[in-house]
Amino acid sequence: MPASITRWFETEDLLLTAWLIVVEPLANRLLGGALHSTSAGAPLLSRLFVAAFYLVAGLGAVACLLTRSRSAPPPEPTAGGDPDVSTPSGYARLPMIVVLGLLFDSAGRALQLPFGDWLFAGSMLAWGVSFFLQAKLPPAPDLLRRVLMTPAIIAMSTEFTGAMNGGLDGFNLGSVLAAYGTPEWSMVSFVACMGSAAVLVMYVMFVFAPRQIAGSGGSWRHWALRFLLYVVGVLLNIGPLKVVG
């Protein structure tokens with residue numbers, strides 16, 4: 001990538017944006033909507049693909065959690081011997097409980113089988129080892145850890161945009177502008193503000209936190225620009241300017 005891009009963005013940022021704008025809508029259309037809806041009515045082949053998609057994402061995240069960065073020193077515990085959650089890589093592990101739960105639940109629902117609950121229970125054991133024994137985890141190259149975590153980030157963004165597309169059906173930038181100056185403006189603006197807050201919370205929990213675990217770097221300026229790029233991807237996925245469908 002050109003130096004002007006790599007200075008501010010990492011490969012994951014560009015992959016995630018391309019996924020949101022083009023790949024995910026196309027894949028969901030080809031799979032008959034199964035990527036956003038794991039109901040039994042979807043074709044079996046589509047549900048098998050979706051289950052594999054979420055399984056790979058969940059297992060990759062677990063594998064990343066069970067390693068630590070080879071290029072960074074082992075994290076030091078607090079004076080009381082507890083895990084240090086004052087750093088991004090420390091507290092970033094907390095949202096992973098939700099990430100793993102959603103990924104394995106989606107895999108199980110795709111096939112209408114309960115194995116998602118079993119995998120989630122096992123992943124909680126791995127999460128506990130990762131959280132309480134961070135300094136004793138085997139080291140792994142940063143690139144490998146980022147590759148392992150990226151499918152989980154993409155899958156969680158798919159969960160989010162699926163919920164947004166379903167919950168905000170017919171609500172887009174055009175409807176917001178059309179409501180200006182009408183009695184409905186206060187309600188429409190409130191929903192728009194809540195949607196904006198949801199995007200920020202989603203990014204912090206399901207993109208920023210996993211990438212902190214995997215070893216992504218950057219200052220707050222880098223992450224602010226990366227978030228803005230993510231917002232563009234979300235708007236082009238769920239809004240009236242969507243590229244596909």
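Which side chain of opposite charge is nearest to arginine 93, and how far away is it? Select arginine 93 and have a look around. This is a predicted model, so treat each stop on the tour as a feature of that prediction.

**Stop 1: arginine 93**

You'll find arginine 93 in the loop between helix H4 (88–91) and helix H5 (96–111). The answer to the opening question is aspartate 142, 11 Å away. Arginine 93 is buried and has no salt bridge. Now add serine 130 to your selection: the side chains of arginine 93 and serine 130 make a polar contact at 2.7 Å.

**Stop 2: arginine 47**

Next, jump to helix H3 (residues 44–65) and pick out arginine 47. Here is another buried arginine without a salt bridge. For arginine 47, the nearest side chain of opposite charge belongs to aspartate 105, 14 Å off. What does the side chain of arginine 47 reach? Show the backbone of alanine 110, and you'll see its oxygen 3.1 Å from that side chain.

**Stop 3: the salt-bridge network**

Time for some charges that do pair up. There are six salt bridges in the structure. For a good view, select Glu10, Glu12, Asp13, Arg146, Arg211 and Arg226 together, as these residues are linked in a network of salt bridges.

Start with arginine 211 and glutamate 10, whose side chains form a salt bridge at 2.8 Å, N to O. Trace the chain between them and you'll cover 201 residues: arginine 211 sits in helix H9 (residues 185–214), while glutamate 10 is in the loop between helix H1 (3–6) and helix H2 (11–30). Both of these residues are buried.

Keep arginine 211 selected and add aspartate 13. That gives you another salt bridge, with the closest N and O atoms 2.6 Å apart. This pair also ties together distant parts of the chain, with aspartate 13 in helix H2 and arginine 211 in helix H9, 198 residues apart. Why do these two count as buried? The cut-off is under 20% relative accessible area, and aspartate 13 is buried because its value is 5%. Arginine 211 makes the cut too, because its relative accessible area is 2%.

Now swing over to arginine 226, which meets aspartate 13 in a salt bridge of 3.6 Å, N to O. Aspartate 13 in helix H2 and arginine 226 in helix H10 (residues 220–238) are 213 residues apart along the chain. Again, both partners are buried.

**Stop 4: aromatic rings**

Hide the charged residues and bring up the aromatics. A search of the whole structure turns up seven aromatic pairs. One of them is phenylalanine 53 with tyrosine 54: the ring centres are 5.0 Å apart and the planes are at 70 degrees, so the pair is edge-to-face. Phenylalanine 53 and tyrosine 54 are both buried. Phenylalanine 131 and phenylalanine 132 give you an edge-to-face pair as well, at 5.0 Å centre to centre with 90 degrees between the planes.

Turn on the surface for this one. Phenylalanine 131 is buried, at 9% relative accessible area, whereas phenylalanine 132 counts as exposed, at 53%.

Before you move on, add Trp19 to Phe53 and Tyr54; these three form one aromatic cluster.

**Stop 5: a nonpolar patch**

With the surface still on, select Leu125, Val129, Phe132 and Leu133. Together they form a nonpolar surface patch with about 390 Å² of accessible area. You've already met Phe132, the exposed ring from the previous stop. Leucine 125 lies in helix H6 (residues 115–132). Buried or exposed, which is leucine 125? Leucine 125 is exposed, because its relative accessible area is 62%.

**Stop 6: a backbone oddity and two glycines**

Switch to a backbone view and go to glutamine 112, in the loop between H5 and H6. Its phi is near 55 degrees, a positive value in a residue other than glycine. Most residues other than glycine have a negative phi. Glutamine 112 counts as partly exposed, at 46% relative accessibility.

Finish at glycine 162 in helix H7 (residues 142–167). Glycine 162 is buried, with a relative accessible area of 15%. Add glycine 33 and draw a distance line from C-alpha to C-alpha: the two glycines are 9.7 Å apart in space, yet 129 residues apart in sequence.

Definitions and conventions:
Residues numbered from 1 in each chain as written. Predicted model: local features only at pLDDT ≥ 70, side-chain atom pairs only at ≥ 80, totals over all residues. Heavy atoms only, no water. Helix = DSSP H or I, 4+ residues; strand = E, 2+ residues; numbered from the N terminus. Buried < 20%, exposed > 50% of the residue type's maximum accessible area, 1.4 Å probe, protein only. Lys, Arg positive; Asp, Glu negative; His and termini not counted. Salt bridge = Lys/Arg side-chain N within 4 Å of Asp/Glu carboxyl O. Polar contact = N/O pair within 3.5 Å; in protein donor to acceptor, adjacent residues only side chain to side chain. Patch = residues over 30% accessible without salt bridge, like charges linked within 9 Å, V, L, I, M, F, W, Y side chains within 5 Å. Areas by Shrake-Rupley, 256 points an atom, 1.4 Å probe, with all protein chains shown as cover. Phe/Tyr/Trp six-rings, centres within 6.5 Å; stacked < 30°, edge-to-face > 60°.
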